[in-house]
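Trainee: Could you take a close look with me at one part of this model, the cysteines and how they pair up? I would like a connected account.

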Amino acid sequence: MAAKTQPSSSSLLLMSLLLLLVSLIFPSSVIPATLRSDIQALESIIRSIDPSSISPSSYLSTWDFSEDPCEGSGTFLGVMCSFPLENTTNRVTEIDLDDDGYEGFLSDEVGNLTELTVLSLNKNRFRGPIPETVFQLKKLTKLSLSENFFTGDITPGITWLTELKTIDLSKNSIAGEIPPRISSLRSLTHLILSNNHLDGRIPPLNGLWKLQALELGNNHLSGTLPKLPPSLRTLSLCYNSLAGRISPLHRLKHLVSLDVSQNRFSGTISHQILTFPEISHINVSFNQFISIEVVQVTGIESRLRILDAEGNQLQGHLPLNLPTYGNLKDINLRSNKFYGDIPRIYGKRLENNSWRSLYLENNYLTGLLPEEFLRLSKQIRGSLSNNCLHCPKNVRICKGVQKAKSQCTNAMQKEGLE
């Protein structure tokens, strides 16, 4: 049997030198490059944007594809990447562009960024429909495309993005209905669809048990209030065609801000809403409410600071208990059907320098002003015009004409207010 040939010392030396040379050219410590399909997706995104809208100071001006997007010495602004510990490729995880006025379309290839968790393109000029491929990004937690020119509708595909916490499509030209199955997005905390062309009814949303902010204002929504999650802290439904009672809101005890203005709601503004423990801002203006229940809150810490109920059909005397809301600063009850004297306790609040503004014009108020109004009116913004008050013209809050007393009397008799 032949003996095995052992490598010579010179051969071993040569092999060692070759290994050293390879290690110098291709060092083992080099972090892997970004996945090629991610790079191609970024290239497609920038190709879909008008080059003339990319200014030298913008984020996109730093996207230099002669270098790796995640590893290049020139940082790709607005792009975040993951850097795995294993010997695998890097991945793009976030795209958060600046508001530099980019014009163009969102490329379909964005759907190839399968590790993407954030897609934020706010305050630009993207147009066209939102690509269906966006709804393949199963790891998205934030989809924020506000203040662009996106069109089309919100397809049911959005419900595939079960990790979403924030959806902000506000201030676009999106039409159609809100997908009923959007309530299946159990992780959602912010749903912001205001300032679009959405129509139809608001679907039940009580399944969104983590939702804190719901903003659907400035659309063409109709129908009555749906079931809403009790976790809500901000609710804005202004400038729609919603109708009916607002009693479904009684369950929303964590509300901080409520805006249902410019709708067709009717009935009573209940004391439950005015006394929510954390409520600070209520706007129910320009609806068809006929009464407001203001209970005494002495001894109870009320955080209500702003109450706007202008342009309704509120009747009766001004609420006597309103001054018991210790943090209340701004009151707007103009253009309603209140009648009778201004309560003396309102003057006491002026004396305590508690109210910043009080607007009571265009009602049917009569009689003399509380004495404090005469002395302290310079301390408050507001108006008492277009009532039937004895309002001295040298008092700033009295600027403007008053109705004839007979006009107030006739109106009260006609409406059965006396």
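Trainee: To start with one residue, is C81 buried or exposed?

Mentor: Happy to walk through it with you. C81 is buried, because its relative accessible area is 15% and the cut-off for buried is under 20%. Keep in mind that this is a predicted model, and that the values here are computed from it.

The partner of C81 is C70, and the two sulfur atoms of this disulfide sit 2.0 Å apart. C70 lies in the loop between α2 (36-47) and β1 (79-82), while C81 belongs to strand β1, so the bond ties together parts that are 11 residues apart in sequence. C70 counts as buried too, with a relative accessibility of 13%. As for handedness, the torsion about the S-S bond of C70 and C81 is about -80°, so this disulfide is left-handed.

Now let us move along the chain. C388 and C408 are joined by a disulfide with an S to S distance of 1.7 Å. C388 is in strand β27 (residues 388-390) and C408 is in helix α6 (residues 405-414), so here a strand and a helix are tied together, 20 residues apart in sequence. The S-S torsion of C388 and C408 is about 90°, which makes this disulfide right-handed. On accessibility, C388 is buried at 7%, and C408 is buried with a relative accessible area of 0%.

The remaining pair to look at is C391 with C398, whose sulfur atoms are 1.9 Å apart in their disulfide. The torsion about the S-S bond of C391 and C398 is about -75°, so the disulfide is left-handed. C391 is buried, with a relative accessible area of 13%, and C398 counts as buried at 2% relative accessibility.

How do these pairs fit together? The count comes to 3 disulfides, taking a disulfide as a pair of cysteine sulfur atoms within 2.5 Å. With bonded cysteines counted along the chain, the pattern is 1-2, 3-6, 4-5. In that numbering, 1-2 is the bond from C70 to C81, 3-6 is the bond from C388 to C408, and 4-5 is the bond from C391 to C398.

One further cysteine deserves a glance while you have the structure open. C238 has a relative accessibility of 9%, so it counts as buried.

Methods
Residues are numbered from 1 along each chain as its sequence is written. This is a predicted model: local features need pLDDT of at least 70, side-chain atom pairs count only at pLDDT 80 or more; totals for chains, interfaces and linings use all residues. Side-chain values use heavy atoms; hydrogens and water are left out. Helices (H or I, at least four residues) and strands (E, at least two) are DSSP runs, numbered from the N terminus. Buried means under 20% relative accessible area, exposed over 50%, partly exposed in between (1.4 Å probe, protein chains only).
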